[in-house]
Amino acid sequence: MQATDQTDRVVYWGTGRRKTAIARVRLVPGNGQIKINGKPGDLHLQFNPGYLSATKAPLEALGLESEYDILVNVRGGGLTGQADAIRLGVARALCQLDPDNRKPLKIEGYLTRDPRSKERKKYGLKKARKAPQFSKR
């Protein structure tokens, strides 16, 4: 969804999900900074280069890493799920920015939502599939 904020800058929205993490991503014209839940992105993602590169990957695929700031509200899940949710949200926001961005992002796999989530625990078992130790006598 395209909108304008208080200073009349154009803002592009995208929502990303992964496991139990949900990220609401805004792309704002800027110089490539990432802000997650009001904190710098590298601080929130604990300076992990894998997570940081995953969040910027859709912008780097299009060569726009220094043209837009990424503002994120994310909740739920762990850092891996959050980083992947942010990546999907950024990719969806870039599709709103220009529909021509969809094809290269789709080829790279950035627009595919990862459907894997934790399997529920069943009664009589210790976890989803782990059974108690069998005793013959």
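User: Which polar atom lies 3.0 Å from the backbone nitrogen of Gln-33?

Analyst: A polar contact is a pair of N or O atoms within 3.5 Å; within protein, one must be able to donate a hydrogen and the other to accept it, and residues adjacent in sequence count only if both atoms are side-chain atoms. Here the partner belongs to the side chain of Asp-69. Bear in mind that this is a predicted model, where local features need pLDDT of at least 70, side-chain atom pairs count only at pLDDT 80 or more, and totals for chains, interfaces and linings use all residues. Side-chain values use heavy atoms, without hydrogens and water, and residues are numbered from 1 along each chain as its sequence is written.

User: Is Asp-69 buried or exposed?

Analyst: Buried means under 20% relative accessible area, exposed over 50%, partly exposed in between (1.4 Å probe, protein chains only). Asp-69 counts as buried because its relative accessibility is 14%. This residue sits in strand E6 (residues 68–75); helices (H or I, at least four residues) and strands (E, at least two) are DSSP runs, numbered from the N terminus.

User: And where is Phe-47?

Analyst: In the loop between helix H1 (41–44) and helix H2 (49–62). Phe-47 has 53% relative accessibility, so it counts as exposed.

User: How do E2 and E3 run?

Analyst: Two strands pair if DSSP finds at least two bridges between them. E2 (residues 10–18) and E3 (residues 21–29) are antiparallel, with seven bridges. Gly-16, for one, has Ala-23 in E3 as its bridge partner. Two residues separate the strands of this hairpin, and Lys-19 has a positive phi near 55°.
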